[in-house]
Amino acid sequence: MTTPLSKSYFPLLITAFASGTALGLFVAKRMMKLSPEQHLWSIVMHSFTGALIHAGDSLELYDHLEAMKRPVTAQELAEATGWSERWLEEFLAQAAGAGVCAFRDGKFSMTPGYAPLLCNPATNPRSLAGLFEMLLPLLKRAESVVVQAIQSGKGVDYDFGNAQIIRGIDRKNYNWFRDYLIKDVLEDVVVPATGESLVEMLKRGVHVADIGCGCGASSIIMAKAFPKSIIYAYEASALSLQVLQERIQAENIPNIVVCNVAERGVGDGPDGDDADFSFVFSHDLLHDMTDPQSLIRDVKTKLSDRGCWIVVDIKCQNTLTANIQSPASALFYGFSCLLCLACSTSEDHGAGLGTCGLPASKCQDFMKEAGFTHFEERGVASNPVQARYIVA
């Protein structure tokens, strides 16, 4: 069964964001066939789809549907779940129209390829469910934040609005960190000054700074994998810090030191006289900051000459033209207006980098200005929209 053009754009675009540009180019070409009016109607339609995907995720509806192991009627799913047949029929009809579900001979099933992206979100590293949890509170910011920011130039901080955004980001990231942080980010790195494997250094036991750790997924993964190392988890968000503290207590993790940056910054260094960090990690942080160069200078003063910093950030281009030509540009600049640029301009004279504001060349310039002499760019195999920089 062929999915109509206007019904396939949204899920393909989300997959393009997760999978790279090849599929995004395919989406862009198909989009060109829509008239302006069709395009605007499709935007409204796909906004509805995004909201309803979150509703389905909240119910674990996709897991229930997949667990049936065969196409089913709305009545059969209602009998299996105890839910309303009438409402399931309407919901699944919309999902089928959007291409998320398939409909044939009066029965519904997950469209091939969508179950791995929407089912088992608690354990699935490919899950995109967290994106849809963020969607509604982010869209609310269009009126409460973006309108005022365009007029005044002033954004809002990370905690503004709704804990759902923070929870959605954590859901999007946690399983990926668990399955890929060591494998795709740390494992192939050699410390420039010593030639020692980064992973072996961490196993031996060193001081680590995890800057902008959010709800602590990366800190917890590293603390468990390298119990001899002490992880200093730095975060500005009060909501994220609360979640991190609860996780540490629940899992009884002894080697994480939680640092509220309002009280203790990276420049204060680890505990101990003349102690330095041997490894610093930051993920999707610098482009969100109001003053990233100040942080970079602080890291330079507290990073050991025999250590290194891994910066993971959005892979973007040097010019506005090149970034707009990317097939995922509307997605990236949408995130920027609703989240990243808002954070980066939340203080007077904020840097205002935004999602596409830190290409490799600018990051390298910032590092050089702070006194770093080693800058190496690599990719992230499991997340092709991100760049990875090894700095020393």
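**Exercise 1. Find which residue of S6 is the bridge partner of isoleucine 211, and describe the strand pairing to which this bridge belongs.**

In this predicted model, the bridge partner of isoleucine 211 in S6 is serine 282. Strand S3 covers residues 207–211 and strand S6 covers residues 277–283, and the two strands, which run parallel, are joined by four bridges.

**Exercise 2. Place S3 and S6 in their sheet, and explain why one side of S5 and of S8 is left without a neighbour.**

Begin with the order of the strands, which is S5-S4-S3-S6-S7-S9-S8 in an open sheet of seven strands with mixed pairing. Strand S5 (256–260) and strand S8 (375–379) stand at the edges of this sheet, and because each has a single partner strand, one side of each has no neighbour there. As for the twist, neighbouring strands of the sheet are turned by 20° against each other on average, if direction is ignored.

**Exercise 3. Determine which strands helix H12 and helix H16 lie across.**

Take H12 first: this helix, residues 238–251, lies across strand S4 (230–235) and S5, and runs at about 165° to S5. Turning to H16, residues 360–370, one finds this helix lying across strand S7 (303–314), S8 and strand S9 (386–391), with an angle of about 150° to S8.

**Exercise 4. Work out how H11 and H12 are oriented to each other, and which residues make their contact.**

Helix H11 (residues 217–225) packs against H12 at an angle of about 25°, and their axes are 10 Å apart. Angles under 35 degrees count as roughly parallel, and H11 and H12 are therefore roughly parallel to each other. H11 passes H12 in a right-handed crossing. On the side of H11 the contact is made by Ala217, Ile220 and Lys224, and on the side of H12 by Leu244, Arg247 and Glu251. Sorted by kind, the residues of this contact are three nonpolar, no polar and three charged.

**Exercise 5. Carry out the analysis for H8 and H15.**

Helix H8 (residues 129–152) and helix H15 (residues 329–344) pack at an angle of about 80°, with 9 Å between their axes. The range from 65 to 115 degrees counts as roughly perpendicular, so H8 and H15 are roughly perpendicular to each other. H8 contributes Leu131, Met134, Leu138, Arg141, Ala142, Val145 and Val146 to the contact, while H15 contributes Phe335, Cys337, Leu338, Leu339 and Ala342. These residues divide into 11 nonpolar, no polar and one charged.

**Exercise 6. State how the chain is divided into domains, and how far apart their C-alpha centres lie.**

The domain assignment gives domain 1 as 13–118 and domain 2 as 128–391. The C-alpha centres of domain 1 and domain 2 are 32 Å apart.

Conventions:
Residues are numbered from 1 along each chain as its sequence is written. This is a predicted model: local features need pLDDT of at least 70, side-chain atom pairs count only at pLDDT 80 or more; totals for chains, interfaces and linings use all residues. Side-chain values use heavy atoms; hydrogens and water are left out. Domain bounds come from an automatic or database domain assignment. Two strands pair if DSSP finds at least two bridges between them. Axes are lines fitted to C-alpha atoms, for helices over the stretch in contact, and angles run from 0 to 180 degrees between N-to-C directions. Contact means heavy atoms within 4.5 Å. Angles under 35 degrees count as roughly parallel, over 145 as roughly antiparallel, 65 to 115 as roughly perpendicular and the rest as oblique. A crossing is left-handed if the near helix is turned anticlockwise from the far one by less than a right angle, and right-handed if clockwise. Ala, Val, Leu, Ile, Met, Phe, Trp, Tyr, Cys and Pro count as nonpolar, Asp, Glu, Lys and Arg as charged, and the others, Gly among them, as polar.
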